[in-house]
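Here are some exercises to work through with the model open beside you. Try each task yourself before reading its solution.

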Amino acid sequence: MAKIALALLTLVFFSAHPAPPVYPALLHPALPAGPAQQEPSFRSASTELVVLPVVVSEKHGSYVSDLPRDRFAVYDNGRRMSIEFFSNEDSPVTIGLIIDASSSMRTKIGEVAAAAIAFARSSNPDDELFALRFNDDVRNAVGKDGFLRAGDHDALSGALLSIRPEGRTALYDALLAGLDRLDQGARARKALVLISDGGDNASAAKLDVVLQRARKSNAAIYTIGVYDDADIDRNPRVLKALAETTGGERYLPRSPGELLRACNQIAHEIRNGYTIGYVPPDRDGAYHRVRVVVDAPSRKLTVRTRPGYFASGRSTER
């Protein structure tokens with residue numbers, strides 16, 4: 001039942017707010033699924049689920065992925081909600097790699113590419129993956145088709161190893177483009193993995209616009225800060241804000257080995273997370289705070305999810 005329910009979520013959006021302007025040069029069809037991956041789907045004008053990526057971990061950091069549905073409680077602005085969808089399976093997700101290719105990454109791009117490739121190798125091979133590189137502008141990093149399967153290691157390796165860092169840093173534009181691209185993905189659960197120093201000096205967009213857009217998405221954003229102490233463009237606070245706003249996590253590796261471990265940990269977390277969906281209590285266009293609680297009195301568990309979402313407004317159509 002969980003697999004069927006997950007398929008039914010594929011075309012149900014987290015919010016009914018109008019989508020922001022898209023980037024025509026970056027829009028491409030989603031990767032068609034093979035015969036074993038075809039999923040039924042449906043459109044519903046009246047049904048809208050809030051979709052929450054949820055991570056549960058022990059005190060020492062190991063992930064807990066075997067809890068049953070009845071151990072979870074979800075609160076929306078303090079009101080307990082009925083869980084309409086629950087999955088803890090390692091189901092394929094849509095993931096975007098957002099890679100800083102500005103001149104400040106010139107000495108680090110090799111280790112960044114290696115870590116990103118390691119991330120793909122640790123992911124579900126049927127994950128739907130895309131990669132964007134950004135400097136003065138934002139471009140596909142994996143060819144004209146835009147999407148590939150995480151198991152297509154050769155194509156991803158060739159694309160990432162061909163990146164040549166130069167120019168300035170359009171980080172915010174890249175994040176907006178990544179969130180737009182996620183909307184084209186076929187999977188219900190979505191995530192972005194950003195590898196950057198957190199600085200921006202070339203975007204048309206502003207940080208508050210990016211954060212607002214992220215709150216309207218159901219995607220978790222994982223950020224990895226790659227920089228030296230002498231990097232004047234570094235901005236770890238931006239990386240932290242992006243992660244906290246969306247229920248992701250920020251990593252600040254200090255060596256190539258730590259960078260590799262961070263990418264593997266993110267892939268492991270995505271594969272061991274839960275997906276919970278519920279019908280929002282109000283269509284008021286307002287921001288709703290969310291809390292997920294796990295009933296496990298004999299265990300010290302940490303629960304992480306996005307802190308809230310923007311509800312859709314009431315329809316004026318007749």
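Of the 318 residues in the protein chain, buried residues make up 52%; buried means under 20% relative accessible area, exposed over 50%, and partly exposed in between, with a 1.4 Å probe and protein chains only. This is a predicted model, in which local features need pLDDT of at least 70 and side-chain atom pairs count only at pLDDT 80 or more, while totals for chains, interfaces and linings use all residues. Residues are numbered from 1 along each chain as its sequence is written, and side-chain values use heavy atoms, with hydrogens and water left out.

**Exercise 1. Find how many helices and strands the protein chain has.**

Step 1: Start from the rule. Helices (H or I, at least four residues) and strands (E, at least two) are DSSP runs, numbered from the N terminus.

Step 2: Go through the runs. The protein chain has seven helices and 15 strands.

Step 3: Turn to contacts, meaning heavy atoms within 4.5 Å. Among the contacts in the protein chain with a separation of 6 or more, 82% are between residues 24 or more positions apart.

**Exercise 2. Work out where the buried residues of helix H3 fall around its axis.**

Step 1: List them. In H3 (residues 153–161), Leu156, Ser157, Ala159 and Leu160 are the buried residues.

Step 2: Look down the axis. The buried residues fall within an arc of 170°, so they line one face of H3; the arc is that of the directions from the helix axis to the C-beta atoms.

Step 3: Find their partners. The buried residues of H3 pack against strand S5 (94–100), helix H2 (109–122), strand S6 (128–134) and strand S8 (148–149).

**Exercise 3. Do the same for helix H5 (residues 207–215).**

Step 1: The buried residues of H5 are Val210, Leu211, Arg213 and Ala214.

Step 2: Their arc around the axis is only 160°, which puts them on the same side of H5.

Step 3: They pack against helix H4 (171–183), strand S10 (220–225) and helix H6 (236–246).

**Exercise 4. Is Ile98 buried or exposed, and which residues does Ile98 touch?**

Step 1: Place the residue. Ile98 is found in strand S5.

Step 2: Check its accessibility. Ile98 counts as buried because its relative accessibility is 0%.

Step 3: Leave out residues up to four places away in sequence. Ile98 then touches Phe130, Leu132, Phe134, Ala174, Gly178, Leu192, Val193, Leu194 and Ile195.

Step 4: Compare chain and space. Ile98 and Leu175 are 77 residues apart along the chain, and their C-alpha atoms are separated by 7.3 Å.

**Exercise 5. Describe the surroundings of two serines, Ser87 and Ser312.**

Step 1: Ser87 lies in strand S4 (residues 85–87) and is buried, with a relative accessible area of 5%.

Step 2: A polar atom of the Ser87 side chain lies 3.3 Å from the backbone nitrogen of Glu89.

Step 3: Ser312 sits in the segment after strand S15 (308–310). Ser312 is buried too, with a relative accessible area of 1%.

**Exercise 6. Which features place Asn77 in a loop, and what is special about its phi?**

Step 1: Asn77 lies in the loop between strand S2 (72–76) and strand S3 (79–81).

Step 2: Phi of Asn77 is near 50°, a positive value in a residue other than glycine.

Step 3: Asn77 counts as partly exposed because its relative accessibility is 43%.

Terms used
Polar contact = N/O pair within 3.5 Å; in protein donor to acceptor, adjacent residues only side chain to side chain.
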